[in-house]
Amino acid sequence: MKLDLKRISVTDGAVIPFSYDADLTKEEMSGEYPFRTPVHIEGEVRNHLGVLKLHATANALYETRCARCLTPVNVDLDVTCDMILSREEQKDDRDDVYQLEGDSIELDDIVIPALILEVDFAYYCKPDCKGLCPKCGKNRNEGPCGCDGREIDSRLAVLQKLLDKKD
């Protein structure tokens, strides 16, 4: 969504509120398309003593799979984004300043990256998820699979044969 900042740039205390839905269904992350419903974004741009401040929140349903057992997991993401919109070039690398180019701003260029940066690398169906059996692939949360629980490194298999002979 594009906002025209001309009318608030000159008036102290002026506010431009916004509320819209962004379509991220084509946004690929880790080989999947986790945003299957629109992302709701709302907030405001406020002129405070000549400084333009952006405050936005993004709410999204992130659909992924458990990193251990591959069970579907739905995560509610609520992200807050606060930025200072500046026309002047910044000498330092501040994360909270966005460089304006012209008299308008594309909100998706600020809010969507903030949302994506809040996504964790891995999500779990529950904190104590047991995962999948590495031999047969059964979900260990549903019960034992019957496979031998001992996993022997192939490089040490010769030593295991020596131990088996003693028995």
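**Strands, contacts and exposure in a predicted model**

In this predicted model, strands β5 and β6 (residues 97–99) pair in the parallel sense, over three bridges.

Q: What makes β5 and β6 count as paired strands?
A: Pairing needs at least two bridges between the strands. β5 and β6 have three bridges, so they qualify. Leu85 stands opposite Tyr98 in β6.

Q: How do you know that β4 and β5 pair?
A: The cut-off is at least two bridges. Strand β4 (residues 51–65) and strand β5 (residues 72–86) are joined by 14 bridges, and therefore they count as paired. These two strands run antiparallel. Leu61 has Asp76 in β5 as its bridge partner. Six residues lie between the strands of this hairpin, where Leu70 takes a positive phi near 65°.

Q: Why is Asn139 called buried?
A: Buried means under 20% relative accessible area. Asn139 has 12%, so Asn139 is buried. Asn139 is found in the loop between α2 (108–117) and α3.

Q: What makes the approach of the Asn139 side chain to the backbone nitrogen of Asn141 a polar contact?
A: The limit for such a pair of N or O atoms is 3.5 Å. The Asn139 side chain reaches the backbone nitrogen of Asn141 at 3.0 Å. That is within the limit. Leaving aside neighbours within four places in sequence, Asn139 is also in contact with Cys69, Thr71, Gly131 and Leu132.

Q: Why is Asp108 called partly exposed?
A: Partly exposed lies between the buried limit of 20% and the exposed limit of 50%. Asp108 has a relative accessible area of 25%, so Asp108 falls in that range. Asp108 is found in helix α2.

Q: How do you know that the side chains of Asp108 and Tyr20 make a polar contact?
A: Their distance is 2.5 Å, and the cut-off is 3.5 Å. Tyr20 is also one of the residues that Asp108 touches, beside Met1, Ala22, Ile41 and Pro113, not counting residues up to four places away in sequence. The C-alpha atoms of Asp108 and Asp164 are separated by 64 Å, with the two residues 56 apart along the chain.

Q: Why does Leu162 count as partly exposed?
A: Leu162 has 47% relative accessibility. Exposed would need over 50%, and buried means under 20%. Leu162 therefore sits in between. Leu162 is found in helix α3 (residues 157–166).

Q: What makes Leu162 eligible for a surface patch?
A: A patch residue needs over 30% relative accessible area. Leu162, at 47%, passes that cut-off. Leu162 forms a nonpolar patch with Ile152, Leu156 and Leu159, with about 360 Å² of accessible area together.

Notes. Residues are numbered from 1 along each chain as its sequence is written. This is a predicted model: local features need pLDDT of at least 70, side-chain atom pairs count only at pLDDT 80 or more; totals for chains, interfaces and linings use all residues. Side-chain values use heavy atoms; hydrogens and water are left out. Patches are made of residues with over 30% relative accessible area and no salt bridge: like charges are joined within 9 Å, nonpolar side chains (Val, Leu, Ile, Met, Phe, Trp, Tyr) within 5 Å. Accessible areas come from the Shrake-Rupley method with a 1.4 Å probe; for residues, only the protein chains shown count as cover. A salt bridge is a side-chain nitrogen of Lys or Arg within 4 Å of a carboxyl oxygen of Asp or Glu. Helices (H or I, at least four residues) and strands (E, at least two) are DSSP runs, numbered from the N terminus. Buried means under 20% relative accessible area, exposed over 50%, partly exposed in between (1.4 Å probe, protein chains only). A polar contact is a pair of N or O atoms within 3.5 Å; within protein, one must be able to donate a hydrogen and the other to accept it, and residues adjacent in sequence count only if both atoms are side-chain atoms. Contact means heavy atoms within 4.5 Å.
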